[in-house]
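User: I have a structure here that is new to me. Can you walk me through it?
Analyst: Sure, put it up and ask away.

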Number of protein chains: 2
Amino acid sequence: MPDIFQIEAVDPSGKTKARAGRVHTPHGPFETPAFMPVGTKGSVKGVGPDDLRALGAGIILSNALHLMLRPGAETIASLGGLHSFMGWDGPILTDSGGFQAHSLRALRKDDPDGILLSSPYDGTRVLLTPELAIRTQSLLGSDIMMCLDECTPWPADEREAARSMGLTHAWARRSLNAWDPSKGALLFGIAQGGFHPRLRRESAQEIASMGFPGHAAGGLALGEPRDLRLGAIEATFSVLPEDKPRYLMGLGTPVDILDGIMLGADMFDCVIPTRNARNGQLFTNRGPINIGNARYANDPLPPEEGCDCLACRSFSRAYLRQLHKNREPLFPRLASVHNLRFYQRLVRMARERLKNGTLLDYYKEFLDQYAPDAAP
Amino acid sequence: MPDIFQIEAVDPSGKTKARAGRVHTPHGPFETPAFMPVGTKGSVKGVGPDDLRALGAGIILSNALHLMLRPGAETIASLGGLHSFMGWDGPILTDSGGFQAHSLRALRKDDPDGILLSSPYDGTRVLLTPELAIRTQSLLGSDIMMCLDECTPWPADEREAARSMGLTHAWARRSLNAWDPSKGALLFGIAQGGFHPRLRRESAQEIASMGFPGHAAGGLALGEPRDLRLGAIEATFSVLPEDKPRYLMGLGTPVDILDGIMLGADMFDCVIPTRNARNGQLFTNRGPINIGNARYANDPLPPEEGCDCLACRSFSRAYLRQLHKNREPLFPRLASVHNLRFYQRLVRMARERLKNGTLLDYYKEFLDQYAPDAAP
């Protein structure tokens with residue numbers, strides 16, 4: 001297997017475990033730490049590929065299960081694959097859909113074979129197996145495929161978390177067997193283990209032993225308290241090999257992202273920037289603002305002074321408020337572009353600051369402005 | 001008053017009354033025949049100023065009444081005017097809101113003073129007078145202002161249409177008095193008269209006699225049959241002076257636009273391209289298609305082969321169907337950009353063909369493809 005991950009720097013201050021790197025995929029490389037905008041159904045909500053390129057996204061995420069249910073992986077394959085379908089020629093990571101399968105409607109519990117679910121589009125029953133997840137992601141032409149896993153719920157006692165973890169491990173092995181590495185796409189294994197550090201370490205050990213090109217920590221951001229989350233990440237990353245990319249799934253707020261980077265994560269995805277944008281929340285270095293607030297009715301400033309995004313370059317808070325209040329379809333685009341640009345700037349700044357050994361200072365400076373009352 | 005309208009060509013074949021020209025405004029010139037995308041509340045629905053420039057819009061339309069009610073004309077003025085507010089530096093025509101005032105909720109009938117209405121945003125009562133409409137449009141910084149008029153309903157008998165027309169004439173005189181031409185913005189008078197050719201001619205005569213820089217035919221596209229509409233346009237344009245721009249308000253379908261051009265209209269506005277886009281209808285030279293139709297589920301073609309718009313350059317009908325079915329917020333943008341580009345291409349093609357004397361041939365060629373079963 002070629003060297004798909006180059007580490008360019010590890011925080012030289014030694015104060016964090018952060019690293020800067022580059023992951024190579026069939027659709028080119030992307031820099032890490034990377035934040036992946038989420039395009040679950042083949043579109044980052046409200047944001048076109050032209051906007052994604054302009055705001056600096058290096059890789060985006062989509063969801064194999066959703067695309068399998070609609071319009072169908074074969075349909076997308078016949079149209080030239082997901083990149084061609086959605087007009088994005090950069091790297092794409094696809095989640096298998098294990099997380100969504102459970103939240104959609106798992107019809108049978110604890111089925112070792114896979115996840116039996118009912119399509120939210122037409123009620124069709126589908127048994128999502130590890131093999132089907134790999135086949136689907138291959139048809140889509142994904143650059144980075146994810147193993148089907150079982151997202152251990154929170155809270156779950158140690159016994160339940162261990163059972164769930166065992167299923168994830170068995171499915172990881174089946175995924176690996178179903179994967180044809182000669183085709184170029186990468187496959188990442190997912191470590192689970194609930195919020196029990198012992199299980200987290202055990203899962204990371206087991207997944208790491210299988211020889212995936214990259215690894216992920218799954219089962220996080222389920223509503224758990226921050227210290228539990230950080231403990232689980234730390235336990236997972238203490239075991240996952242350092243020479244392969246680490247993807248922290250489903251996180252998070254800007255502070256979560258920085259936390260993750262300092263613990264050694266290389267890749268992130270989260271719906272927060274786009275979902276919150278649609279609800280009128282715009283991220284700024286001084287914390288998020290709700291653009292519908294009456295205080296912005298006459299505000300001539302851009303959402304964030306100094307921001308170079310499409311929204312900030314051309315529009316005032318007053319105008320964005322007008323769009324939001326009138327539910328103008330232009331609003332989701334402008335707000336999402338702004339928030340995604342904010343996230344891209346965040347990970348790029350972290351990358352720069354870790355390279356020169358001042359990431360921890362950056363973290364403190366960021367928190368001082370962003371959430372002055374938050375205890376880091 | 002400077003010469004704001006240059007006629008570059010009148011159909012040399014003599015078979016139509018079409019002309020090609022150029023209107024000069026404080027924000028630069030635009031070519032005619034012109035189709036104006038509609039941005040009622042300060043945003044062309046789903047389409048950013050970057051998209052509008054890319055698709056070739058020379059002038060856009062907004063609505064003074066809506067902006068007066070929200071966020072307020074003074075607010076927009078304090079933010080630098082409508083152009084700055086919405087990030088569009090080309091010409092803007094503002095309708096006074098007479099048409100909308102009636103459809104919103106006129107609280108008192110036949111008030112010679114103005115239109116008493118209740119704001120759909122907060123219930124505030126507003127008396128929209130000709131003077132307030134001019135003041136509002138001045139505050140917005142409109143390039144082309146429209147007189148407040150009464151849109152005569154259809155059907156209306158001759159007596160009712162005559163009464164309504166008299167009100168429009170009185171309001172036109174008051175608008176003219178309230179207008180300060182030294183500030184650069186143009187003011188167009190609106191001829192009404194229902195669908196009674198005698199009244200149409202009388203109204204055009206009366207409005208023309210007042211000396212506006214441009215004229216409009218109002219009160220059309222209310223659901224009337226095509227022959228009534230064409231008769232009313234013909235009667236109006238037979239009287240309106242040829243050396244001033246003629247704006248055909250609220251029209252229409254692609255065929256309506258070509259009909260209007262052949263009768264001598266220079267400017268058009270209509271919500272059809274953007275509203276129909278949001279409902280999944282995409283215009284093509286072979287007639288509109290409904291992208292939600294199952295026949296497009298695997299269709300690799302762009303909405304229209306040969307179209308150079310953002311949607312057609314990058315996406316298949318199958319992908320646009322996926323966006324439409326999933327109610328993705330990217331859909332309104334792509335579909336509206338396509339339809340607006342279709343309309344821009346239509347008026348540009350008409351402009352070229354009229355200049356070389358083959359507009360009537362173009363009309364027939366267009367109909368043959370677009371609506372082969374329609375009697376022209």
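User: What covers the buried residues of H7(A)?
Analyst: The cover includes helix H6 (130-140), strand E10 (186-191) and helix H8 (197-208) of chain A. Some ground rules: this is a predicted model, where local features need pLDDT of at least 70, side-chain atom pairs count only at pLDDT 80 or more, and totals for chains, interfaces and linings use all residues. Residues are numbered from 1 along each chain as its sequence is written, while chains are lettered from A and ligands numbered from 1 in the order in which they are written. Helices (H or I, at least four residues) and strands (E, at least two) are DSSP runs, numbered from the N terminus.

User: Which residues of H7(A) are buried?
Analyst: Among them are A:Met165, A:His169 and A:Trp171. A residue is buried if 20 or more other C-beta atoms lie within 10 Å of its own, exposed if 12 or fewer, and partly exposed in between, with C-beta atoms placed from the backbone.

User: Now H8(B). What do its buried residues pack against?
Analyst: Helix H7 (158-178), strand E10 (186-191), strand E11 (214-217) and helix H9 (226-239) of chain B. The buried residues themselves are B:Leu199, B:Arg200, B:Ser203, B:Ala204, B:Glu206 and B:Ile207. They fall within an arc of 165° seen down the axis of H8(B), so they line one face of the helix. The arc is that of the directions from the helix axis to the C-beta atoms.

User: Different topic. How many residues does each chain put into the contact?
Analyst: Chain A gives 33 residues and chain B gives 33 residues. Two residues are in contact if their C-beta atoms, placed from the backbone, lie within 7 Å. H13(A) gives the most to the side of chain A that touches chain B, with 5 residues.

User: What turn lays chain A on chain B?
Analyst: A turn of 180°, with a shift of 0.0 Å along the axis and an RMSD of 0.0 Å. That is the relation of a two-fold axis. Copies are superposed by least squares on the C-alpha atoms of residues with pLDDT of at least 70 in both. In chain A, A:Pro329 has the C-alpha nearest the axis, 3.5 Å from it.

User: And where is B:Arg327?
Analyst: B:Arg327 sits in the loop between helix H13 (317-325) and helix H14 (330-355) of chain B. Its phi is near 50°, a positive value in a residue other than glycine.

User: Is B:Arg327 buried or exposed?
Analyst: B:Arg327 counts as exposed, with 10 C-beta neighbours inside 10 Å.
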